[in-house]
Amino acid sequence: MRTRAARTVDLLVVFALFTVGTGAVTGCGSEKARGGTQVRDADPAPESKARARQVADAWDGSKAAEVWAKGYYPMSEVVQLPENAFRNGDDKLAYAARNLVLRGELPATSQKDGQVKWESGGSLTLPLMGAREAFATVAGGSTDEPHLTVTGVKLGEMSLATSRGPATVPAWSFALEGYDTPLKRVALSPSKLPKTPIKPAGEVPTDELAPLGRMIRVAGDGRTVTVVATHGACDDGPAVDVLETSGSVVLSASVVGTKDGPCTKQLLAKEVTVKLDRPVGERLLLDAFTGRPVPYEKNGLSAGQSRVHSGREGDHSAVLTEEQAIVAGGPKSSVGVPS
């Protein structure tokens, strides 16, 4: 039987891979995590509740919160698909494989900056992403069939949800052969994340507290939040508890129904929907384990495209989906993330 210490090391590696590797930039190649709302049979552990309060207290009114409140952080997909996408299975496979073939040239632009304009008022000027860089985030597969053909590229705008509410942002529009409306990609990168005012939690059993995967969406009314939470093969799945304050919403993930004994080497992902007492608004959405904002966009990889070294320097060929089993951790394992 595996020891607690060995399982702890395994989960440390797993959560590091999952947390660093997931995000949502291109929206390509993602295998959807299983969905649902996990209801806990009992109240969260006192340690979990205390940790959530510590995280809220550290952020509420902090310098980091001030920086966050002034920045641009997407909370929805930065790629907008054409209407009625996709026409058939081949087109869907082409998009997932990033097989986009350019017919013509990518336009150059003398424009150096672009503006985020919030519906609630206010704006922010940020460096504009060039057409070549934007195209590289949605294309990059082989040119083998099936593929999508890009027939024209121009700079326009699109709307998306952000940490400060709905906004209009510059976006590159890629006209696709066979589609009446373009594929759009936001032409701005998110603001730099502020330095967190609290360190990650130390080693703690996963049935008390575990890291979240990433943000999926905030409902239009702001009252429900859907995130990816992880669990093992020998439990009943993840649960996510919530602590709401005036300045933040702290989400505490854990694993429920853990079972004793040996377990297979898997890390699974599930979409969990959390209902709030009031709309998120401009409050911070925080992960109790890491002490940081729940990630939506990270590292230029699409949701589920966690690229991991295969052992050879520069080789990033192994791609792990969120649903894929990757490393073992026994039930009631502990996980620690370096600060």
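Right after helix 5 comes Gly140, and its phi is positive, near 150°. Keep in mind that this is a predicted model, and then step back from that glycine into the helix itself. The residues buried in helix 5 are Ala131, Ala134, Phe135, Thr137 and Val138. Around the axis they cover an arc of only 155°, which puts them on the same side of helix 5. There's a simple bit of geometry behind that sort of pattern: an α-helix has 3.6 residues a turn, so residues three or four places apart point the same way. What do the buried residues of helix 5 pack against? Their partners are strand 1 (79-80), strand 2 (100-102), strand 5, strand 6 and strand 7.

Helix 4 makes a good companion to look at next. Here the buried residues are Asp91, Ala94 and Tyr95. Looking down the axis of helix 4, you'd find them within an arc of 95°, so they line one face of the helix. Turn to the other side of helix 4 and you meet Lys92 and Leu93, which are exposed. As for the buried residues of helix 4, they pack against strand 1, strand 2, strand 5 and strand 7.

The loops on either side of helix 4 have some backbone details to check. In the loop between strand 1 and helix 4 sits Asn84, which has a positive phi of about 60° although it isn't a glycine. Is Asn84 buried or exposed? Its relative accessibility is 72%, so Asn84 counts as exposed. Move along to Ala85 and Phe86 and there's a cis peptide bond joining them, with omega about 5°. Phe86 also belongs to the loop between strand 1 and helix 4. Then, in the loop between helix 4 and strand 2, you come to Arg98. Its phi is positive too, near 65°, again in a residue other than glycine. Arg98 has a relative accessible area of 18%, and the cut-off for buried is under 20%, so Arg98 is buried.

Phe86 leads nicely into the aromatic rings. A pair of aromatic rings is described by the distance of the centres and the angle of the planes. The count of aromatic pairs comes to four. Take Trp68 and Tyr73: their ring centres are 3.9 Å apart and their planes are at 5°, so this pair is stacked. Trp68 counts as buried, at 6% relative accessibility, and Tyr73 counts as buried at 4%. Phe86 and Tyr95 also pair up, but theirs is a tilted arrangement, 5.2 Å centre to centre with 35° between the planes. Tyr95, the helix 4 residue from before, is buried at 5% relative accessibility. Add Tyr179 to Phe86 and Tyr95 and you have a cluster linked by ring pairs. Another ring to look at is that of Trp118, which has the charged end of Arg164 sitting over it, 3.6 Å from the ring centre.

Now for the nonpolar interior. In soluble globular proteins, nonpolar side chains tend to be buried together. Which residues touch the most other members of the largest nonpolar core? In this core of 34 residues, they are Tyr72 and Phe174. Two or more residues come from each of helix 4 (89-96), strand 3 (113-118), helix 5 (131-138), strand 5 (148-162), strand 6 (165-176) and strand 7 (183-186). Strand 6 gives the largest share of this core, six residues.

Try following Tyr72 outward. Leaving aside neighbours within four places in sequence, Tyr72 is in contact with a list of residues that includes Val116, Trp118, Leu124, Leu126, Leu160, Val169, Val186, Leu188 and Pro190. Thr162, Ser189 and Ser191 are also among its contacts. There's a second, separate core as well, with 18 residues, among them Ala52, Ile198, Val204 and Ala288.

Finally, zoom out to the whole chain. The secondary structure comes to five helices and 17 strands. Of the 339 residues in the protein chain, 51% count as buried. If you take the contacts between residues at least 6 apart in sequence, 78% of them join residues at least 24 apart. On the outside, the protein chain exposes about 15800 Å², with carbon and sulfur atoms supplying 50% of that area.

Technical notes
Residues numbered from 1 in each chain as written. Predicted model: local features only at pLDDT ≥ 70, side-chain atom pairs only at ≥ 80, totals over all residues. Heavy atoms only, no water. Core = buried A, V, L, I, M, F, W, Y, C linked by side-chain atoms within 4.5 Å. Buried < 20%, exposed > 50% of the residue type's maximum accessible area, 1.4 Å probe, protein only. Helix = DSSP H or I, 4+ residues; strand = E, 2+ residues; numbered from the N terminus. Contact = heavy atoms within 4.5 Å. Arc of directions from axis to C-beta. Areas by Shrake-Rupley, 256 points an atom, 1.4 Å probe, with all protein chains shown as cover. Phe/Tyr/Trp six-rings, centres within 6.5 Å; stacked < 30°, edge-to-face > 60°. Lys NZ or Arg CZ within 6 Å of the ring centre and 35° of its normal.
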